Amino acid sequence: MGKTFQKPEALSDQPTHYCPGCTHGVAHRLVAEVIDELGIRGRTVGIAPVGCAVLAYNYFTFDFQEAAHGRAPAMATGIKRSRPDLVVFTYQGDGDLASIGMGEIVHAANRGEKFTTVFINNAVYGMTGGQMAPTTLPDQRTTTSPFGRNVDEVGMPIRVSELLASLQTPAYISRQTVILPKYIVKAKKAIKKAFTYQLENRCYGFVELVSTCPTNWGLTPVDAVKWAQEHMLPYYPLGDLKSPE
Amino acid sequence: MSKVLMKGNEAIGEAAIRAGALNYFAYPITPQSEVAEYLSRRMPEVGGHFLQGESEVAVSYMIFGAAGCGERVFTTSSSPGISLMSEGISYIIGAECPAVFVNIMRGGPGLGGILPSQADYLQATRGVGHGDCRLLVLAPASVQEAVEMVMTAFPLAEKYRNPVMVLGDGLIGQMMEPVEFPDNLKSAPSNKDDWATNGMDTRGRKTRNLVKSLFLDPVELNEHNLKIKRKYEQMEREEVRFEGYNQDGAYRALIVSFGTMSRVCRTAIDIMKADGLEVAMIRPQTLFPYPLQAVRDAAWKKGCQAVFSIEMNMGQMVEDVRLAVQGRCPVHWYGKCGGEVPTPEEVVETVRAVVQ
Ligand SMILES: Cc1ncc(C[n+]2csc(CCOP(=O)(O)OP(=O)(O)O)c2C)c(N)n1
Ligand code: SF4
């Protein structure tokens, strides 16, 4: 009898350093499954961000580079332009991608770079202890917005997928979530689509994953899922925002 | 091979191509934008890759990405742009990747000016970025030497798995001189399968490679830094380069000068010689590693009464000259910044004010 469930080859045996209930692990697994299914492990290069996923390379079994904070899309550009035969993806948090690295992501997407981005939107800076991110919701309390995000002072949270979808260059832009099993199949489909467009040399691919950070939200994993459903999903609606077709 | 008349900036771009560096990322900045203009035409002709990045910050990471996956890659910029690349340079050093950075210096600080300068000496020789960083720094004094240094920079970067900087002043980029691209300086890229993220299939291996600069374990990070330090010590043993001028006989003063400034000093030395005053010169060709011993030996020679560091800045290399001379004889500085190049007459006057 064949195995019905096993760990993807692209995923290593190392236990992760992520907090209990953190959705980074689910996102990793989806990426690994897609890489296995597409049979591209031998020619894939991942780029780790600076953020909780800085050590992501410990959990994958293919080549990896580690970027500086926010610069992963520029590194991916350097790899993909010099070695178009490699499959390249960046894995970035919302502080990394939407704050310090906003310039790099917009320009990479606008050039139509043929790589893939997996964007983890957990509405805070996880690694540095829960500070406010560009994606932090109005009135959400963080360690640097102790009275709640004051939109009069710091503006509204940035919807990165919508922003990138507004660019004229063809791209695949999708927002999904990994907070509950019912969403996960769709999230994986989107990731696979993004990688497939890269393999076809079609376009840039960007998949935002609405995620949880129970630790810095000060919630149990279960309550964090509830909070994400009640507060994040209304502001960050799910679905494909743009396709190259 | 026959010589062709070329502008420095274009010759630098062509030299990199001849050296087999077919990946170039850059952001325009005076006085070296001609390199990008030249390579935007040339790279497609030779099957290379040219991309104008959105900023020097981004460019430095495009360089990091391409270098990390094992490709020969380089950029050119000028002072403010190099400041923006300093973060990337530090990461590239930490991750031990080979890459070449050309800085055609202009005056600073801040936006400064667009005319030639040597005001980034300390920035370049002290490693540019944060952490325990050093770059091998080559300083050309002519377009031909710029060509040769660019061509040798790639194998040097690969030998040490560390970035190399070619540090020229604006005149090197703007000047037109006859040049040739020596075939013997062409080199095949080294095999990078042991460390580069060029894909497991490319290597035909089942083990993956990691390019990273994070070492959270303090013991591991210390060891990593010691390993990098040993590379710098090896550079100090094996890569020091300099040229002497009017150094064989007795002399009463020594000039230390690099790049375009050293050409002016040569003229000054000829003028003083005709007048009966013998002055020698050491021209460092590597600024890191610095020719400390050569400067020391020349300064300590019997009869040498004073040493002059002549620079197109407000006194930067003079710190290394003082280190070399160790107080055995007085060390003076003369220089100008902002685009004015000290004239031979000013150099003569400076020396004459001290040595009669
Ligand atoms: C240049 C620079 N500035 C600041 C930092 C500190 N820093 C590390 S991670 C981080 C925020 C990461 O947050 P996010 O991208 O949202 O990822 P998460 O940890 O939530 O997964 C910051 C500010 C850094 N490493 N480098
Ligand atoms: S701090 Fe937040 S994002 Fe980071 S591992 Fe913990 S739960 Fe996940």
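Student: Which helix gives the largest share of the shell around ligand 2?

Tutor: Start by asking which elements the surrounding residues belong to. Here, in this predicted model, helix H8 of chain A, residues 214-217, supplies three residues, the largest share of that shell.

Student: And which residues are around ligand 2?

Tutor: Try finding them in the structure above. Among them are Pro214(A), Thr215(A) and Asn216(A), along with Cys213(A). Tyr18(A), Cys19(A), Cys22(A) and His24(A) are also around ligand 2, and the list is completed by Cys52(A), Asn122(A) and Gly126(A).

Student: How many nonpolar, polar and charged residues does that shell have?

Tutor: Sort the shell by class and you get six nonpolar and five polar residues, with no charged ones.

Student: Okay, on to the two chains. How many residues are in contact between chain A and chain B?

Tutor: Count each side separately: 34 residues of chain A touch 33 residues of chain B. You can also look at area. About 2,600 Å² is buried between the two chains, and carbon and sulfur atoms give 58% of that.

Student: How many salt bridges are there between chain A and chain B?

Tutor: The count is three. One to look up is Asp63(A) with Arg203(B), where the closest N and O atoms are 2.7 Å apart. Polar contacts get their own tally: 20 residue pairs across the interface.

Student: Which elements of chain A give two or more residues to the side that touches chain B?

Tutor: Those are strand S2 (63-66), helix H2 (72-82) and helix H4 (102-111). H2(A) gives the most, with seven residues. By class, that side of chain A has 14 nonpolar, 10 polar and 10 charged residues.

Student: What about strands? In which sense do S2(A) and S9 of chain B pair, parallel or antiparallel?

Tutor: First, the general idea: strands of a sheet pair through backbone hydrogen bonds, in either a parallel or an antiparallel sense. In this case, S2(A) and S9(B), residues 210-211, pair in the parallel sense over two bridges. To find the spot, look for Phe64(A), which stands opposite Leu210(B).

Student: What is the strand order in that open sheet?

Tutor: Read across its eight strands: S9(A)-S7(A)-S8(A)-S4(A)-S3(A)-S1(A)-S2(A)-S9(B), with mixed pairing.

Student: And which are the edge strands?

Tutor: Look for strands that pair on one side only: here they are S9 of chain A (239-242) and S9 of chain B.

Technical notes. Residues numbered from 1 in each chain as written. Chains lettered and ligands numbered in written order. Predicted model: local features only at pLDDT ≥ 70, side-chain atom pairs only at ≥ 80, totals over all residues. Heavy atoms only, no water. Contact = heavy atoms within 4.5 Å. Buried area = accessible area lost by both parts, 1.4 Å probe. Salt bridge = Lys/Arg side-chain N within 4 Å of Asp/Glu carboxyl O. Polar contact = N/O pair within 3.5 Å; in protein donor to acceptor, adjacent residues only side chain to side chain. Helix = DSSP H or I, 4+ residues; strand = E, 2+ residues; numbered from the N terminus. Nonpolar A, V, L, I, M, F, W, Y, C, P; charged D, E, K, R; others polar. Pairing = 2+ DSSP bridges. Near = heavy atom within 4 Å.
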